[in-house]
Amino acid sequence: MKGLQFFIIFIFTIVFSGYARGAVTGQCSVCHTMHNSQAGTAVARGGSGVGWDASGNLTGGSLTSTPNDYLLITNCVGCHSSTTASTIVNVSGVTIPIVYNSVPPTTPLAGGNFYWVVNSGDAYGHNVYGIAGADATLTTAPGRNIFGCANSCHDTLADPPGANNEQRGGCQGCHVFTAHHDDSKPWYRFLKGHGQPPFGDPLNYADYVVGVEDSDWEATTDPTTGDHNYYKGTTAQYSEGNALANYKSITAFCQGCHGVFHGTPDDPSPGDGMGTSSPWIRHPTDIALPTTGEYSAYDPTGAGYSTEAPVAWVDPSNPTRAEAIVMCLSCHRPHGSDQPDMLRWDYTQMIVGSGNTGGCFTCHTTKN
Ligand code: HEC
Ligand code: HEC
Ligand code: HEC
Ligand code: HEC
Ligand code: HEC
Ligand code: HEC
């Protein structure tokens with residue numbers, strides 16, 4: 001009986017491993033250093049250029065006698081970087097998703113990659129502390145939200161941790177809280193806001209994204225077997241404020257910093273927001289993908305799902321055609337991409353009458 005039980009648990013794990021990413025696995029020593037000292041030398045690595053090499057060693061930057069919080073061997077950027085083209089590295093049984101490669105990544109993960117913001121220019125990604133200096137063109141988030149937060153992550157993600165960014169900034173401007181050992185948190189990809197003023201208990205506040213996480217961060221995808229992320233969307237009309245806590249959609253997360261690009265009319269000022277129906281004044285998000293007209297030809301529920309122009313769902317665990325939702329990530333990669341404006345495809349190829357496919361034409365199926 002014992003054997004059978006284990007077999008059933010094993011099968012269960014295989015079947016459901018595609019639906020949620022677990023906590024970290026592997027030897028403590030891959031990620032932690034107890035005293036930041038080994039054979040009398042520092043172990044922690046900092047500075048620019050830190051990353052995993054082809055032999056599974058953390059290289060680049062320099063050894064630093066300044067220890068890290070939680071006894072970690074390096075910081076967010078260092079551990080999620082590689083000097084190879086691989087976006088998943090395996091070190092002694094630990095699987096590490098890479099978001100910044102110092103050479104062009106072979107298969108960028110779902111969020112894209114910070115390679116291009118460094119090598120192609122500021123418009124190719126979010127400028128994040130530890131990877132890129134402040135954006136030379138954008139001194140604040142375009143469509144910035146109305147709330148105070150002066151000189152905060154709403155203006156730049158390139159500042160070092162300090163008083164203006166709650167000692168976070170950089171990666172943690174978006175991944176404000178992390179929980180690498182805790183499977184019980186409902187946060188999709190550690191996308192958890194900082195709580196609402198007067199803040200109270202920000203860690204346990206309800207402002208987080210939900211969704212169904214692909215087990216390899218979309219390093220491989222196969223719509224025919226449902227192998228991809230499932231994002232949360234909503235058809236509720238909302239403005240700036242408590243939308244992330246109320247709806248938990250990926251679009252509500254982006255509008256936390258880019259509020260003017262979403263929202264009902266005149267939110268927060270005349271001419272802001274996207275409108276409530278056609279004619280729209282900004283490209284709509286968190287609206288249903290119509291089942292009629294040119295949109296009827298895109299059925300993302302099964303094999304037809306496009307990872308190039310994905311949709312969100314009212315219920316990510318139970319996707320239905322009528323509840324497919326347009327979202328910010330239908331067109332953008334949040335970390336960065338090989339296209340300006342962090343777009344998911346080459347916008348210059350979206351030409352009326354060209355016969356081209358994909359990109360905008362995935363939904364606007366008769367405009368090509
Ligand atoms: C793959 C990397 C990795 C491995 C392996 C790992 N940790 Fe961690 N650990 C982290 C990170 C990153 C944090 C930072 C805090 C967070 O995000 O929760 C952390 C935080 C912690 C914390 C403080 C926060 C908490 O959740 O309690 C403890 C304690 C801890 N680790 C113990 C261990 C022990 C013991 C092992 C080995 C059995 C281990 N870790 C293996 C990455 C790792
Ligand atoms: C020492 C290595 C290490 C450090 C430091 C580290 N991470 Fe991670 N992180 C990992 C590993 C390994 C995983 C993959 C865990 C798994 O298998 O699900 C991960 C996963 C993640 C994920 C994806 C979570 C998911 O649901 O799939 C995010 C987002 C993330 N880390 C952000 C951060 C941020 C932000 C920091 C800094 C506060 C950080 N990490 C520091 C090793 C690290
Ligand atoms: C914590 C605040 C914050 C959040 C959340 C945020 N952004 Fe941004 N975003 C910024 C800032 C600041 C800039 C301008 C500086 C830069 O490009 O890094 C920016 C710039 C951009 C740009 C223009 C890039 C360029 O350099 O020209 C795009 C596109 C963008 N964001 C999309 C998104 C999307 C999509 C999301 C949701 C996944 C999102 N942002 C979430 C702060 C944020
Ligand atoms: C502008 C907000 C933003 C910033 C800044 C940001 N991330 Fe993310 N990150 C996201 C979003 C949104 C996702 C989910 C992407 C998806 O599922 O399509 C994500 C996903 C991830 C993942 C899972 C892999 C993937 O591509 O899905 C990791 C690991 C991660 N982020 C680490 C980091 C690290 C490390 C940094 C800093 C170098 C960082 N992030 C900065 C928004 C951000
Ligand atoms: C239908 C595709 C599409 C959707 C959906 C979309 N965007 Fe964009 N976005 C674009 C394109 C294309 C550009 C390039 C400039 C333009 O044509 O407006 C852009 C540009 C941007 C910029 C840069 C503006 C500047 O001044 O440089 C930001 C920031 C941005 N988008 C954020 C968002 C956010 C946040 C959302 C969700 C609320 C979103 N986008 C939804 C296609 C889209
Ligand atoms: C994920 C599906 C999707 C993608 C991808 C997409 N759109 Fe849209 N778009 C829509 C939907 C849905 C509407 C709203 C239709 C309605 O209200 O009937 C819309 C509305 C518009 C409108 C305004 C129409 C109006 O009636 O006011 C324009 C213009 C537009 N899209 C252009 C683009 C361009 C250009 C791209 C590529 C950069 C793009 N769209 C990508 C789904 C999409």
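The largest nonpolar core of this predicted model holds 27 residues. Within that core, V209, Y231, I250, L289 and V311 touch the most other members. Five elements each give two or more residues to this core: the strands β10 (230-232), β12 (312-313) and β13 (324-326), and the helices α5 (243-247) and α6 (250-255). A second core is separate and has 11 residues, including V50, L58, V89 and V94.

I250 deserves a closer look. Leaving out residues up to four places away in sequence, I250 touches L191, V209, Y231, K232, M327 and L329. V209 and Y231 are also among the core residues that touch the most other members.

**Confidence**

The mean pLDDT of the protein is 92. A pLDDT of 70 or more is reached by 93% of the residues. Residues 1-20 are another matter: there the pLDDT is below 50. Beyond near neighbours in sequence, that stretch has 7 contacts in the model.

**Ligand surroundings**

Three ligands are described here. Start with ligand 1. It has 14 residues around it, and C28, C31, H32, T178 and H181 come nearest. The shell of ligand 1 divides into 7 nonpolar and 7 polar residues, with no charged ones. Side chains make polar contacts with this ligand. H32 places a polar side-chain atom 2.8 Å from a nitrogen atom of ligand 1. The side chain of H181 also has an N or O atom 2.8 Å from a nitrogen atom of the ligand. For T178, the partner is an oxygen atom of ligand 1, and the distance is 2.7 Å.

Ligand 3 comes next. Around it stand 26 residues, of which H126, N127, C254, C257 and H258 come nearest. The shell of ligand 3 holds 14 nonpolar, 8 polar and 4 charged residues. H126 brings a polar side-chain atom to 2.8 Å from a nitrogen atom of ligand 3. D135 uses a polar side-chain atom too, 3.0 Å from an oxygen atom of the ligand. With D122 the contact runs through the backbone: a polar backbone atom lies 2.8 Å from an oxygen atom of ligand 3.

Ligand 5 is surrounded by 14 residues. H283, C328, C331, H332 and D341 are the closest. Its shell divides into 8 nonpolar residues, 5 polar and 1 charged. A polar side-chain atom of H332 sits 2.8 Å from a nitrogen atom of ligand 5.

The table lists the polar contacts given above.

| Ligand | Residue | Part of residue | Ligand atom | Distance |
|---|---|---|---|---|
| Ligand 1 | H32 | side chain | nitrogen | 2.8 Å |
| Ligand 1 | T178 | side chain | oxygen | 2.7 Å |
| Ligand 1 | H181 | side chain | nitrogen | 2.8 Å |
| Ligand 3 | D122 | backbone | oxygen | 2.8 Å |
| Ligand 3 | H126 | side chain | nitrogen | 2.8 Å |
| Ligand 3 | D135 | side chain | oxygen | 3.0 Å |
| Ligand 5 | H332 | side chain | nitrogen | 2.8 Å |

**S306 and A309**

S306 is in the loop between β11 and β12. A309 lies in the loop between β11 and β12 as well. S306 counts as buried because its relative accessible area is 14%, under the 20% limit. A309 has 3% relative accessibility, so it too counts as buried. A polar atom of the S306 side chain lies 2.9 Å from the backbone nitrogen of A309.

Their contacts reach further along the chain. Neighbours within four places aside, S306 is in contact with Y298 and T362. On the same basis, A309 touches Y298 and T362, along with S330, W345 and G359. The C-alpha atoms of A309 and D182 are separated by 31 Å, with the two residues 127 apart along the chain.

**Backbone details**

A cis peptide bond joins S278 and P279, with omega about 0 degrees. P279 is in the loop between α6 and β11 (287-288).

Positive phi values occur at two residues other than glycine. R189 has phi near 50 degrees, and E218 has phi near 65 degrees. R189 is found in the loop between α4 (115-119) and β9 (211-212). E218 lies in the loop between β9 and β10. R189 counts as buried because its relative accessibility is 16%. E218 counts as buried as well, at 9% relative accessibility.

Conventions:
Residues numbered from 1 in each chain as written. Chains lettered and ligands numbered in written order. Predicted model: local features only at pLDDT ≥ 70, side-chain atom pairs only at ≥ 80, totals over all residues. Heavy atoms only, no water. Near = heavy atom within 4 Å. Polar contact = N/O pair within 3.5 Å; in protein donor to acceptor, adjacent residues only side chain to side chain. Nonpolar A, V, L, I, M, F, W, Y, C, P; charged D, E, K, R; others polar. Core = buried A, V, L, I, M, F, W, Y, C linked by side-chain atoms within 4.5 Å. Buried < 20%, exposed > 50% of the residue type's maximum accessible area, 1.4 Å probe, protein only. Helix = DSSP H or I, 4+ residues; strand = E, 2+ residues; numbered from the N terminus. Contact = heavy atoms within 4.5 Å. pLDDT = per-residue confidence, 0-100.
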